[in-house]
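Morning, everyone. I have one structure to walk through today. Please have a look at it first.

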Amino acid sequence: MMNSDALSCKDCTSWQELLLTVSILTCWLLPTTAQITIESVPPIAVEGDNVLLFVQNLPENVQTLSWYTGGKPLKMFEIARHVIATNSSVMGPAHSGREMVLNNGSLMIKNVTRKDSGYYTLQIFDTTSRREIMRAEFFVQRPILGFRKHPTSQLKIEFVPPRIEENDDILLLVYNLPENLQGFVWHKGVFPVDHFKIASHSFLTNSTMLGRTYLDRLTVCSDGSLLLSKVSQEDTGLYSLRTIPVDLMSESAIVYLKVNKHGRWASGNQQPPHQQRMSKKQIQKVDMCFSSVSVTIYYN
C-alpha cells in the first residue's frame, strides 16, 4: 500500500502545479447540483504533458474508489484502488508508475504518451456498498502538428458559437478540407470504430450516412462541417474528423466540445452564446456549408 502524498523530490514541482490546478478547478468548476462529473485537464494533451482527470462533487459517503484504463471496470485493467479514510492507494495491474490517485477521487497521469489516449473508468463504492461508474476520455498527440500528414494543408475545426450551452445548435466548422477525397468520417471520441461513428460522407455518390443516435439532430455539409442541434451535456467530449483520400494519406483533426449548463455565461463579461457574433469569414463559411448539404441521406 502506498501513501498518495509520498512523492520524489524531482516530481514535486510538476505535482504541485497539478495540485494547484485541482484547487483552482474546485472553486471554478463547482456545479450547482451534486452530480459527480469528471473533467479532463487538458482534454487534448501533447506527449510529455501531465493530465488530470478531475473529479467534481465526490460524495462524502464514498468508502473506496478505483480507476481503470478502458471503458469497463475489469480487474486486469485496474490502475489503482484508493481508500478515502486512510488516503492510501493499492496499485493495480495497469499501474505504470506514472499515475496517482488524489483523495478527492481525481487521477493524475504524468508524462503521457500516445498509448495513454482513450477512455478511463472510475468506479466508486459508498458506505452502503452502492456502486457508481463514470468515464472520462483524453487524447495525446505528437508535439508537432498532431495527426497531420500533408505538409501543404492543415485541417482545422472551429466552433460556432465558440461557447455552448444546453439546447444550443453548434456548428463544427471545418477549414482546409483537402481536395481529391473519396470522403470523410466523423466519430465521437478518438477511435475510428463504427460504434462511435457519427456520420460518413462519400463524394463519389454525394451521400451521407448518419449514426442512429444523431438522426434527428445532425446536418452534414460537403465541406466537412457538422451541425449538431439541441446539444446536451451528454454531447460533451472529443470529436474527430478523418479524411478518406484517394492516395490513402489520411488527415485527422480532433476537438473537445464542452456543453455548459443553461445560464452558465450569465455572469461576468462574457457574452451568452446567443449573443455572440460571427465574423464575416465565419458567415461566408456557414452560407457555403448549407448551400452544399448532401442531396441524399442514408441511415446506418
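Of the 300 residues in this protein, 47% count as buried. Keep in mind that this is a predicted model. The exposed surface comes to about 16000 Å². Carbon and sulfur atoms supply 54% of that surface.

Next, the secondary structure. How many helices and strands does the protein have? Two helices and 23 strands. Now the contacts. Take those between residues at least 6 apart in sequence: 60% of them join residues at least 24 apart.

Let's pick out one sheet. It is open, and four strands form it. The order is β2, β4, β9, β8, and the pairing is antiparallel. Which strands sit at the edges? They are β2, residues 37–41, and β8, residues 99–101. Each of these two pairs on one side only. On average, neighbouring strands in this sheet are turned by 15° against each other, with direction ignored. A quick reminder for anyone new to sheets: strands pair through backbone hydrogen bonds, either parallel or antiparallel.

Stay with the edge strand β2. Its link to β4, residues 51–56, is made of five bridges. The two strands run antiparallel. Want one pair to find on the screen? I38 has V55 in β4 as its bridge partner.

V55 brings us to a glycine. G105 touches V55, and also L58, L65, W67 and L122, leaving aside residues up to four places away in sequence. Where is G105 found? In the loop between β8 and β9, and β9 covers 107–109. Is G105 buried or exposed? Its relative accessibility is 0%, so G105 counts as buried; the cut-off for buried is under 20%. One distance to go with that. G105 and H82 are 23 residues apart in sequence, yet C-alpha to C-alpha they are 8.0 Å apart in space.

Now over to another loop, and to the surface. Between β5, residues 62–69, and β6, residues 78–83, there is a loop that holds M76. Why does M76 count as exposed? Because its relative accessibility is 57%, and exposed means over 50%. M76 also belongs to a nonpolar surface patch. Its partners there are L74 and F77, and the patch measures about 290 Å².

So, two loop residues to take away. G105, between β8 and β9, counts as buried. M76, between β5 and β6, counts as exposed. Thanks, and over to you for questions.

Conventions. Residues are numbered from 1 along each chain as its sequence is written. This is a predicted model: local features need pLDDT of at least 70, side-chain atom pairs count only at pLDDT 80 or more; totals for chains, interfaces and linings use all residues. Side-chain values use heavy atoms; hydrogens and water are left out. Patches are made of residues with over 30% relative accessible area and no salt bridge: like charges are joined within 9 Å, nonpolar side chains (Val, Leu, Ile, Met, Phe, Trp, Tyr) within 5 Å. Accessible areas come from the Shrake-Rupley method with a 1.4 Å probe; for residues, only the protein chains shown count as cover. A salt bridge is a side-chain nitrogen of Lys or Arg within 4 Å of a carboxyl oxygen of Asp or Glu. Buried means under 20% relative accessible area, exposed over 50%, partly exposed in between (1.4 Å probe, protein chains only). Two strands pair if DSSP finds at least two bridges between them. Axes are lines fitted to C-alpha atoms, for helices over the stretch in contact, and angles run from 0 to 180 degrees between N-to-C directions. Contact means heavy atoms within 4.5 Å.
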